[in-house]
Structures are given as C-alpha cells and as structure tokens.
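This report goes through one protein chain from its overall build down to single residues. Please keep the sequence and the model open while reading.

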Amino acid sequence: MNEFDIIHRFFNRPGSGDGVTLGIGDDAAVVRVPPGYELVLAMDTLIHGVHFPESTAADDIGWKALAVNLSDLAAMGAEPCWATLSLTLPEADESWLQAFADGFFEMADKHRVSLIGGDLCRGPLTVTVQAHGLVPAGQAITRHGAVPGDLIYVTGHLGDAGYALASAVAGSSDYAYFRERLDRPQPRVRTGVALRGIASSAIDLSDGLAGDIRHIMKASYCGAVIEAGRLPLSEPLRSAVDEETGSRLALTSGDDYELCFTVSADQAGTLESRMASIGETVKQVGKITASSDLIFRAADGEQHYSAYSHFG
C-alpha cells in the first residue's frame, strides 16, 4: 500500500461533519466558524518509547493521541469539532493501522470530532494531532485569571497513570484499572464547558499537579497551597501504596489528563450546582495565595517549592 491507499482505507471516513466545507482529499481543509464563536487550537505529539510504553496497543495509541488534545480543549472550555492527524510509521502494517484507526475514531465519535486532514510518512513511530474546538467569543478559560483567595479544584482521581508508568503492576489484581487510566484517559470536555463563566483559570494535568499548578501561578502572578489530605486518590491506588507515595504520585506523576481549575469562593455554590447538573464531581485541594511559592501542606508539616522558572 502507498500512502494514499492507507489514507483512503483507514482514515477517509464518509461524512465530513458539522461545519466542514472541505475535508480529506485536497491540499487543505476548509471549515466554517459560526458567528459569535472563536476557534481554539491544540496540538500534541506522542513518540514511541517516550510518551507511551512499547507494549501499548495500537488502538490505545489512537485513542490517547486524540484524547490528550481534547483534554487541552476542555481546559479552555472549548467544545471539540475537528482534528488533523500527522502519522509517521516505520512500516505499513495493516493490522496495526486498523487497530490505531479504530481507537482514534472511537474517541472521535465519542466527542463528535471529524478528522479533516493531515499527513502520512515513513519513519520512527510518531503521532501528532491538532484538535480544533469552538468557544463563545470572550469565554475561553485561560491560565492567567487566578487571584489570591480563589479555591483550587481538580477533577477525577490523580496518580493512577503515574503508578502504571512507574510500577511493575502487571501481576496485581488492579492491573487492568491502572493500565486503562494510563492508556485511555477521559478528557473532561463536559466539565470544561460547564466551567465557562465560573472558573477564573484552568489547565489540564499532563505533567502532575505540582508542575501544572505552577503554570497557573506563573501566568497569574500568584502562589498556591495544596492540602495533602484533600488529594483525590482512587481506592485501587490507596490499596496499592502508602499515603505518602500516593500523595507524591498525585503531585508529581503525569498522564492523568484531569482538569485543575480555580474558582472564587463566592462561586463555589454555583460550581457545585453546575457539576451536579452534568453528573460530575470535583474536589477542592487548595487555595491561591499572594506569595510566589507553592506550599504542599501535609499532616507532618509543610514543604515549600519555589515558583516555576524556565531554565531555572
């Protein structure tokens, strides 16, 4: 098969989706942005052996390649619409391609995303996806709106994916759970949309809470306190590790793809109502401060982290 055969067989699906004037098959795609909306773009690259273990199944790679980009859109409060895919392959393995496409489109269908173009070439396995979403004009949630006194929240559970990456858990009874959390993250799109007009800032948790909250701190010129006892750990993780290890995984391991966001104290009631209306739960884990430090507060005392600095 040549590259055009691969594109036609595995990726050129019938139906272009809403807002697509011209999809796969030309030099570029053409889409329509509805009046009153802004286009939000996100792009991530996954490299074999760097961003996913070598044992990762092809369908899980396809799922995750799109999911991590939709998580970025969710952090901005955007609704996903379209995606482009750049795929570099060492060889044209038909069974691998079919499984990859199945995983990719399973995630795409779940969030009504249309694949509208991309690129295909030979080389080390690398997957790059650019996701496109829409948000009402002026309502995108950014990293730079947090102010002292804001409450810090996270979605879901933290540390599960990090445990799957760092531990030999294949023999445990919860192996499938941890591997699912690593290989098939669930982008919190509904939550992100519901946070419009409530969240003062937001970010998705790809590098761990302690690392990602620093990006909000840097953009908002503030500090933060994180309470160890409030970190949302899953029951399988609590059963697998001690409390200190669980907290460390929640703070420093990546690949959770949950959302971290800030809300003013007077909006806490509105947040609770909105989350209940969409059947989602969030957990307050700390507070924004006026200092430039990140403080992790545990039962045995406090740890201070200096503010994030590039090349520091």
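In which helix does Asp109 lie? Asp109 belongs to helix α3.

## Basis of the model

The model is predicted, so to speak, by a program rather than solved: local features need pLDDT of at least 70, side-chain atom pairs count only at pLDDT 80 or more, and totals for chains, interfaces and linings use all residues. Residues are numbered from 1 along each chain as its sequence is written, and side-chain values use heavy atoms, with hydrogens and water left out.

The predictor's confidence in each residue is given as pLDDT, on a scale from 0 to 100. The protein chain has a mean pLDDT of 91, and 94% of its residues reach 70 or more. In residues 305-312 the pLDDT is below 50. This stretch has 13 contacts in the model beyond near neighbours in sequence, a contact being heavy atoms within 4.5 Å. Where pLDDT is low, the predicted coordinates should not be read in detail.

## Overall build

The protein chain holds ten helices and 13 strands. These elements are DSSP runs numbered from the N terminus: helices are H or I with at least four residues, and strands are E with at least two. The radius of gyration of the protein chain is 20 Å, close to the 20 Å that the globule rule gives for 312 residues, so the chain is as compact as a globular protein of that length. The radius is taken over C-alpha atoms, and the rule is 2.2 Å times the number of residues to the power 0.38.

The C-alpha trace spans about 60 × 50 × 40 Å along its principal axes. Among the 312 residues, 49% count as buried. Buried means under 20% relative accessible area, exposed over 50%, and partly exposed in between, with a 1.4 Å probe and protein chains only. Of the contacts with a separation of 6 or more, 85% come from residues 24 or more positions apart.

## Helices α2 and α3

Helix α2 (residues 58-75) packs with helix α3 (residues 94-110) at an angle of about 35 degrees, and their axes are 6 Å apart. Axes are lines fitted to C-alpha atoms, for helices over the stretch in contact, and angles run from 0 to 180 degrees between N-to-C directions. The crossing of α2 and α3 is right-handed; that is, the near helix is turned clockwise from the far one by less than a right angle, whereas anticlockwise would be left-handed.

On the α2 side the meeting residues include Ile61, Trp63, Leu66 and Leu70, and on the α3 side they include Trp96, Phe100, Phe104 and Met107. By class, this contact has twelve nonpolar, two polar and three charged residues. Ala, Val, Leu, Ile, Met, Phe, Trp, Tyr, Cys and Pro count as nonpolar, Asp, Glu, Lys and Arg as charged, and the others, Gly among them, as polar.

Asp109 in α3 is partly exposed, with a relative accessible area of 45%. Its C-alpha is 36 Å from that of Ile226, and the two are 117 residues apart in sequence.

## Helix α5 and Pro53

Phe178, Arg179, Arg181, Leu182 and Asp183 are buried in helix α5 (residues 175-183). The buried residues of α5 pack against α2, α4 (160-166), α8 (235-240) and β10 (258-263).

Pro53 sits in the loop between β3 (37-47) and α2 and is partly exposed at 25% relative accessible area. Not counting residues up to four places away in sequence, Pro53 touches Leu165, Arg179 and Leu182. The C-alpha atoms of Pro53 and Asp183 are separated by 9.4 Å, with their positions 130 residues apart along the chain.

## The loop between α6 and β8

Arg196 lies in the loop between α6 and β8 and is buried, with a relative accessible area of 12%. Leaving aside neighbours within four places in sequence, its contacts include Gly77, Glu79, Val135, Gln139 and Arg274. Arg196 and Val135 are 61 residues apart along the chain, and their C-alpha atoms are separated by 9.2 Å.

Ile198 is found in the loop between α6 (189-194) and β8 (199-205) and counts as buried at 5% relative accessibility. Beyond its neighbours within four places, Ile198 is in contact with residues including Thr262, Val263, Leu271 and Arg274.

## Positive phi values

Arg112, in the loop between α3 and β5 (114-122), has a phi near 55 degrees, a positive value in a residue other than glycine. Arg112 counts as exposed at 66% relative accessibility. Tyr221, in the loop between α7 (209-220) and β9 (223-227), also has a positive phi, near 55 degrees, and is exposed with a relative accessible area of 76%.
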